[in-house]
Amino acid sequence: MNINFKSLLLGTSLSLIPQYAAAQCAETDCLKLGYTTLEKCDNGLKCPFGEYWACPKVEEKAVLGECTGYVKNCKIGDILNNDGTCSNDKASGKTPLGVVIAIKNNCGYAMTASPIRTSIRWSTEYIKTDTFQSSYWLNAIKDFNVSDNMTKIIQAGSSGEYPAAYTALNYAPSAAPNTKNKWALPTAGILNSLYTNLSTVNNAISKLNGTQLIDDNEHIWSSSEFSDDDMWIFCTGNGNNRGGIYNNGKHYNLSNNVVRPVLAF
């Protein structure tokens, strides 16, 4: 009996060894198993051995009107869509908001594919608004301070006094109504980038059936002052020797004086 009992015990213990070894070899490190975040996420899976979660990959998108770094995924000539993504052509299920015309540091700027107003004057006033001001084009094309310029113009007076800036400010396409008050007049630096990349931008505009910039057909108002009386405008005529910009009287409201606002992202 004693021998048989010992044999039984020995056989039982040996039969358990493979299962014990398998349990010891099973991976229990959440990070190694692909659970990489400590924050709970929608449609995620929680690690059974700890507090980590495995979360589905979320498509990176821009915050429209803010410079959050998404622009690293974009290039000049891309289309900015209403969901905050960039694409090199029209994308199914997305509505284009504009064409990327400038990238500076952490920020991109997309311009409407067509002007939103024509025959509009910049101002009825002939005073300095405290926006960027320089009569030298090589200084002017360094101006990318969109937000500060717009703030100072709005503080300077009403929509009756500064119609171009307020037209940009109040613009909001139906596909992105939350962008109202986030559109702005481009700076001279942004217009210089538009001029430098004009062929690429026009190609993108054509994809959106917009109005291409050819034969000096548009003088786009900027938010950069040339003097108390003049503003810098986009110009492919006289501006050819000045980086695509030229000075224009603030009170001009000729048919080719237009507003094409830009949206930062």
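**Close-up views of a predicted model**

**View 1. Strands E6 and E12 pair in the antiparallel sense, with three bridges between them.** The model shown here and in the following views is predicted. Methionine 111 has valine 262 of E12 standing opposite. E12 spans 262-264 and is one of the elements that supply at least two residues of the lining of the largest pocket.

**View 2. Strand E5 joins E6 in a hairpin.** E5, residues 96-104, pairs with E6 in the antiparallel sense over five bridges. Lysine 104 has cysteine 107 in E6 as its bridge partner. Two residues lie between the strands, and asparagine 105 in this turn has a positive phi of about 55 degrees.

**View 3. Strand E6 is covered on both faces.** Five of the five residues of E6 are buried. In a regular strand, side chains alternate between the two faces of the sheet. In E6, Cys107, Tyr109 and Met111 are buried on one side, while Gly108 and Ala110 are buried on the other. Cys107 is also the bridge partner of lysine 104.

**View 4. Helix H3 has a buried side and another side with exposed residues.** Val146, Asn149, Met150 and Ile153 are the buried residues of H3. They are on the same side of H3 because they cover an arc of only 95 degrees around the axis. Ser147 and Gln155, on the other side of H3, are exposed.

**View 5. The buried residues of H3 pack against both strands and helices.** The strands in this packing are E6 (107-111), E7 and E8 (219-225). The helices are H4 (163-169) and H5 (188-196). E6, one of these partners, is itself mostly covered.

**View 6. The largest pocket is lined by 17 residues.** About 260 Å³ of space lies in this pocket. Val146, Ser147, Lys182, Ala184 and Ala264 lie nearest its centre. Of these, Val146 is among the buried residues of H3, whereas Ser147 is exposed.

**View 7. Helix H3 gives the largest share of the lining of the largest pocket.** H3 (146-156) contributes five residues. Strand E7 (183-184) and strand E12 (262-264) also each supply at least two. By type, the lining consists of 11 nonpolar, four polar and two charged residues. Two of the elements in this lining also appear in other views: the buried residues of H3 pack against E7, and E12 pairs with E6.

Note on methods
Residues are numbered from 1 along each chain as its sequence is written. This is a predicted model: local features need pLDDT of at least 70, side-chain atom pairs count only at pLDDT 80 or more; totals for chains, interfaces and linings use all residues. Side-chain values use heavy atoms; hydrogens and water are left out. On a 1 Å grid over the protein atoms alone, a cavity is a set of points where a 1.4 Å probe fits but cannot get out, and a pocket is an open set with protein on both sides within 12 Å along at least five of seven lines; lining residues have an atom within 4 Å of a point. Grid points are joined across faces, edges and corners, and a volume is the space filled by probe spheres set on the points. Helices (H or I, at least four residues) and strands (E, at least two) are DSSP runs, numbered from the N terminus. Ala, Val, Leu, Ile, Met, Phe, Trp, Tyr, Cys and Pro count as nonpolar, Asp, Glu, Lys and Arg as charged, and the others, Gly among them, as polar. Buried means under 20% relative accessible area, exposed over 50%, partly exposed in between (1.4 Å probe, protein chains only). The arc is that of the directions from the helix axis to the C-beta atoms. Contact means heavy atoms within 4.5 Å. Two strands pair if DSSP finds at least two bridges between them.
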